[in-house]
Amino acid sequence: MIKNLLKLIFFMFIIFNFSNCASIVSDSTQVVSVDTPNCKGAKCRMTNSEGVFYIQSTPGSTAIQKAYGDLTITCEKDDFSFTSIHKSKANMATYGNILV
């Protein structure tokens, strides 16, 4: 009986002390790199529900605000244009926030 009570107290201690760690370790930005192998020097625009972000010349990287929605990337150079949509997915820190 006491052993079970100690386990419960320990479990509650862990939950209360570490329940917010996902919010602390999770960052609101993410670095995205774009490369256009057959079209070097393209200008790219990345759009999600948090804003619009640019890469002036590929290959290149920029920090974007994380969002729950998809990321649309459109790259252009001269008369060429290409758009790709990248599905949003939750990382493990998000699941930690759900537990809170």
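These legends go with a set of close-up views of a predicted model.

**View 1. The whole chain, with its helices and strands.**
The protein has 3 helices and 6 strands. Read from the N terminus, the elements go α-α-β-β-β-β-β-β-α. Of the 100 residues in the protein, 20% are buried. The accessible surface adds up to about 7,800 Å², and carbon and sulfur atoms hold 62% of that. As for contacts with a separation of 6 or more, 44% of them link residues 24 or more positions apart.

**View 2. The open sheet built from β3, β2, β5 and β6.**
Here 4 strands line up in the order β3-β2-β5-β6, paired antiparallel. The edges belong to β3 and β6; each has a single partner strand, so one side of each has no neighbour in the sheet. On average, neighbouring strands of this sheet are turned by 15° against each other, if direction is ignored. Going through the pairs, β2 and β3 are held in register by 5 bridges, antiparallel. Another 5 bridges join β2 to β5, again antiparallel. Between β5 and β6 there are 7 bridges, also in the antiparallel sense.

**View 3. Bridge partners across the sheet.**
Start at the hairpin, where 2 residues take the chain from β2 to β3. M46 has F53 in β3 as its bridge partner. Moving over to β5, R45 sits opposite T74. T74 in turn has a bridge partner in β6, namely T83.

**View 4. The two faces of β2.**
Side chains in a regular strand alternate between the two faces of the sheet. In β2, C44, M46 and N48 make up the covered face. K43, R45 and T47 are on the uncovered one. Two of the residues from the previous view thus fall on opposite sides of this split: M46 is on the covered face and R45 on the uncovered face.

**View 5. The largest nonpolar core.**
In soluble globular proteins, nonpolar side chains tend to be buried together. The largest such core in this model counts 11 residues: V32, V34, A42, C44, M46, F53, I55, I64, L71, I73 and C75. Two or more residues each come from β1 (29–34), β2 (43–48), β3 and β5. β5 supplies the largest share, with 3 residues.

**View 6. M46 and what it touches.**
This one zooms in on a core member from β2. Setting aside neighbours within four places in sequence, M46 is in contact with V32, V34, G51, V52, F53, I55, T62, I64, L71, T72 and I73. Several of these also belong to the largest nonpolar core, among them V32, V34, F53 and I55.

**View 7. S84 in strand β6.**
Over on an edge strand, S84 is part of β6. S84 counts as buried because its relative accessible area is 18%, under the 20% cut-off. The S84 side chain makes a polar contact of 2.9 Å with the side chain of H86. Beyond its neighbours within four places in sequence, S84 touches L71, T72 and I73. L71 and I73 are also among the residues of the largest nonpolar core.

**View 8. The cis peptide at P59, with D35 alongside.**
Most peptide bonds are trans. The bond joining T58 and P59 is cis, with omega about -5°. P59 belongs to the loop between β3 (51–55) and β4 (60–65). D35 comes from another loop, the one between β1 and β2. D35 and P59 are 24 residues apart in sequence, yet their C-alpha atoms are 4.3 Å apart. Not counting residues up to four places away in sequence, D35 touches K40 and P59. With K40 there is a side-chain polar contact of 3.3 Å. D35 is partly exposed, at 44% relative accessibility.

**View 9. D78, a residue with positive phi.**
Most residues other than glycine have a negative phi. D78 goes the other way, with phi near 55°. D78 sits in the loop between β5 (71–77) and β6 (80–86). At 69% relative accessibility, D78 is exposed, as its value is over 50%.

Methods:
Residues numbered from 1 in each chain as written. Predicted model: local features only at pLDDT ≥ 70, side-chain atom pairs only at ≥ 80, totals over all residues. Heavy atoms only, no water. Buried < 20%, exposed > 50% of the residue type's maximum accessible area, 1.4 Å probe, protein only. Polar contact = N/O pair within 3.5 Å; in protein donor to acceptor, adjacent residues only side chain to side chain. Contact = heavy atoms within 4.5 Å. Core = buried A, V, L, I, M, F, W, Y, C linked by side-chain atoms within 4.5 Å. Areas by Shrake-Rupley, 256 points an atom, 1.4 Å probe, with all protein chains shown as cover. Pairing = 2+ DSSP bridges. Axes fitted to C-alpha atoms, helices over the stretch in contact; angles between N-to-C directions.
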